[in-house]
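Here's a quick briefing to read with the sequence and the 3D view open. Take a look at the chain before going on.

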Amino acid sequence: MSDQEINRRAFLTSAAAAGGMGLGLSLVPTAARAATGRSAATWENLVEKTSFNSQTAFNAAWNHLYPWDSDPDTHNGAARMDAAQVSLSQGVLTLKATRLPAPSGTSPHSPHAPLWYRSGAIHAKRQIIVNDQFPEYDIEGEFATQTGPGIWPAFWTTGTWPEWPPETDILEYVGVDEQGKAVNFFNTYYKTGSGETYQRSEVPVADPGVFHTYRVWMYKSGDDVKLDYYFDKNYVATHIGYGWAGVAQTLIINLQMGSYASNLEEGGDGWADQRPGPDGDTYFRARNVWFGRTRAW
């Protein structure tokens, strides 16, 4: 790791602790910006923290469902997405997953789970593309979520469909661990010569049902992209997205259910009913979500 990277991480951690980073580098005190070698003019916010304050602000920054053209209301779990499951109130976005009396078909995406839940997903209209013109991105949000068997919330980016990977999971709870505890996964997926693989850093979270801050700082490193992950303003790990430079990505917030989060195998015990999985309604809430980037020219 270079001295420049170490110094930048120290700056990001100290600035975040002071509350400055949550509003973008353009709002960090001038002396701190000078220490990074950037000016306010080089930074631009693509989604503001206020995007959940009203339906008008939401519509300007976000779309409903997943960003892929084919079957945008389904993915690799047991929930079909529906805009009616998404609501706004006092700056908080709420995604609600509801258990249905019967499955509404089967997901066309592997592992083809029976769709026992109706839930919500949104994705940002502005894309993320780390390249020479836009060499750094900051992505952050505050989230509170229910967790448990069958519950699978995520705050993540993915390559423009069907370009996958890249993928970075900034928040991902996939059910619970073997001891029944909630663990957030910071994941970075990238291609290899034989397919794809990933790096993972796990953070146990005692109380995911209250708001915590989840964040990633992406920055170009040759043909790759380095990712610094943070939980509640504390540095967690650095991953490398090999070959990510120049590849467009989309930011997604969704509440998926069942399947992997219920630790089920296709056709095995519990598969037809997606059990274990919660009855009634399950909630995933977000506030102060934003992202921005540096502009080199």
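How much area does the protein chain expose, and what share of it do carbon and sulfur atoms supply? The protein chain exposes about 12,400 Å², and carbon and sulfur atoms supply 49% of that (Shrake-Rupley method, 1.4 Å probe). Keep in mind that this is a predicted model: local features need pLDDT of at least 70, side-chain atom pairs count only at pLDDT 80 or more, and totals for chains, interfaces and linings use all residues. Residues are numbered from 1 along each chain as its sequence is written, and side-chain values use heavy atoms, with hydrogens and water left out.

**Overall build**
- The protein chain has three helices and 17 strands (DSSP runs: H or I of at least four residues, E of at least two).
- Out of 297 residues, 52% count as buried (under 20% relative accessible area, 1.4 Å probe, protein chains only).

**The core**
- The largest nonpolar core (buried Ala, Val, Leu, Ile, Met, Phe, Trp, Tyr and Cys joined through side-chain atoms within 4.5 Å) has 58 residues, and Trp62, Met218 and Ile253 have the most contacts inside it.
- Strand β16 (residues 249-257) gives the most to this core, with five residues.

**Glu172**
- Glu172 sits in strand β10 (residues 167-172).
- Glu172 is buried without a salt bridge (Lys or Arg side-chain nitrogen within 4 Å of an Asp or Glu carboxyl oxygen); Arg200, the nearest side chain of opposite charge, is 5.1 Å away.
- The Glu172 side chain does make a polar contact with the side chain of Trp152, at 2.9 Å (a pair of N or O atoms within 3.5 Å, one able to donate a hydrogen and the other to accept it).

Conventions: Buried means under 20% relative accessible area, exposed over 50%, partly exposed in between (1.4 Å probe, protein chains only). Lys and Arg count as positive and Asp and Glu as negative; His and the chain ends are not counted.
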